[in-house]
Amino acid sequence: MTDRFVATTGNDTTGDGTIGTPWATVTHASQNCAAGDTVYLRAGTYTEIKNIREAIGGVSGTEALPITLMPYQDEEVIITTWGLTIHVDWWTIKGLIFDFPNRSGMAIGEVDSFSCEGVRVHGCTFRNLYNVGIAVRDCTNAVSYTHLRAHETVLVISYAVFCLK
């Protein structure tokens, strides 16, 4: 269980994921972390996050050792991109601000017939959404969301074959 770091000033080539030499992208972090790790995002606005998925080398956590993606301490982290897709198991997404002008927010499951298990979304804020806040599809185990906030948008959560514990 290791703390990993990503910063807008980081570097995926020369960084090693430590607080002193962070990586630049969550995609790179998702390919280089292990079950039980926490990936901390340093303050800033991130535009590169598109996929956390096994098909591109993303690592899954386990039920006993999930991987957590969250801001470092109380730093403000804003995700602005085409939307975040999660296709790995046992990840917890905490405390991030998703600001997707004219776009949908987060998709969990449904790509390449991959069914996510144990994905948790907690304490995140969604704002300026065009369509769906969180779309959950074909997940075989509990996908949960708690303490979500909507700002200047209506938070819609759509699902198909959805299991909630």
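Half of the picture is hidden from view: of the 165 residues of the protein, 50% count as buried. The model is predicted, and the exercises below walk through it step by step.

**Exercise 1. The overall layout**

Find out how many helices and strands the protein has, and what share of its contacts joins residues 24 or more positions apart.

*Solution.*
Step 1. Start with the secondary structure: the protein has 1 helix and 16 strands.
Step 2. Now turn to contacts with a separation of 6 or more: 65% of them are between residues 24 or more positions apart.
Step 3. Finish with the surface. The protein exposes about 7700 Å², and carbon and sulfur atoms supply 49% of that area.

**Exercise 2. Cysteines**

Work out how many disulfides the protein has, and whether Cys-33 and Cys-124 are buried or exposed.

*Solution.*
Step 1. Recall what to look for: a disulfide is a covalent bond between the sulfur atoms of two cysteines.
Step 2. Cysteine sulfur atoms must lie within 2.5 Å to be counted, and by this rule there are 0 disulfides.
Step 3. Burial means a relative accessible area under 20%. Cys-33 has 6%, so Cys-33 is buried. Cys-124 has 0%, so Cys-124 is buried too.

**Exercise 3. Follow the aromatic rings**

Start at Phe-5 and find which residues form one aromatic cluster with it.

*Solution.*
Step 1. The whole structure holds 4 aromatic pairs. In one of them, the ring centres of Phe-5 and Tyr-40 are 5.4 Å apart and the planes meet at 25°, so this pair is stacked.
Step 2. Place the two partners. Because Phe-5 belongs to strand E1 (residues 3-6) and Tyr-40 to strand E2 (residues 38-41), the pair ties together parts that are 35 residues apart in sequence.
Step 3. Go on from Tyr-40. Tyr-40 also pairs with Tyr-72, this time edge-to-face, with 5.5 Å from centre to centre and 85° between the planes.
Step 4. Tyr-72 sits in the loop between strand E5 (67-71) and strand E6 (77-79), while Tyr-40 is in strand E2, so this pair ties together parts 32 residues apart in sequence.
Step 5. Put the pairs together: Phe-5, Tyr-40 and Tyr-72 form one aromatic cluster.
Step 6. Check the burial of each member. Phe-5 is buried at 7% relative accessible area, Tyr-40 is buried at 16%, and Tyr-72 is buried at 18%.

**Exercise 4. Positive phi values**

Where are Gln-73 and Trp-90 found, and is each one buried or exposed?

*Solution.*
Step 1. Gln-73 is not a glycine, yet its phi is positive, near 50°. Gln-73 is in the loop between E5 and E6.
Step 2. With 59% relative accessibility, Gln-73 counts as exposed.
Step 3. Trp-90 is not a glycine either, and its positive phi is about 55°. Trp-90 is in the loop between strand E7 (84-87) and strand E8 (91-94).
Step 4. With 10% relative accessibility, Trp-90 counts as buried.

**Exercise 5. The nonpolar core**

Which residues of the largest nonpolar core touch the most other members, and which elements each supply at least two residues?

*Solution.*
Step 1. Here is the background: in soluble globular proteins, nonpolar side chains tend to be buried together.
Step 2. The largest nonpolar core has 29 residues, and Leu-41, Ile-93, Leu-96, Phe-98 and Met-106 touch the most other members.
Step 3. At least two residues each come from helix H1 (26-32), E2, E5, E6, E8, strand E9 (97-103), strand E10 (106-109) and strand E12 (125-129).
Step 4. Zoom in on Leu-96. Beyond its neighbours within four places in sequence, its contacts include Leu-41, Val-77, Ile-79 and Cys-124.

Terms used. Residues numbered from 1 in each chain as written. Predicted model: local features only at pLDDT ≥ 70, side-chain atom pairs only at ≥ 80, totals over all residues. Heavy atoms only, no water. Helix = DSSP H or I, 4+ residues; strand = E, 2+ residues; numbered from the N terminus. Buried < 20%, exposed > 50% of the residue type's maximum accessible area, 1.4 Å probe, protein only. Contact = heavy atoms within 4.5 Å. Areas by Shrake-Rupley, 256 points an atom, 1.4 Å probe, with all protein chains shown as cover. Phe/Tyr/Trp six-rings, centres within 6.5 Å; stacked < 30°, edge-to-face > 60°. Core = buried A, V, L, I, M, F, W, Y, C linked by side-chain atoms within 4.5 Å.
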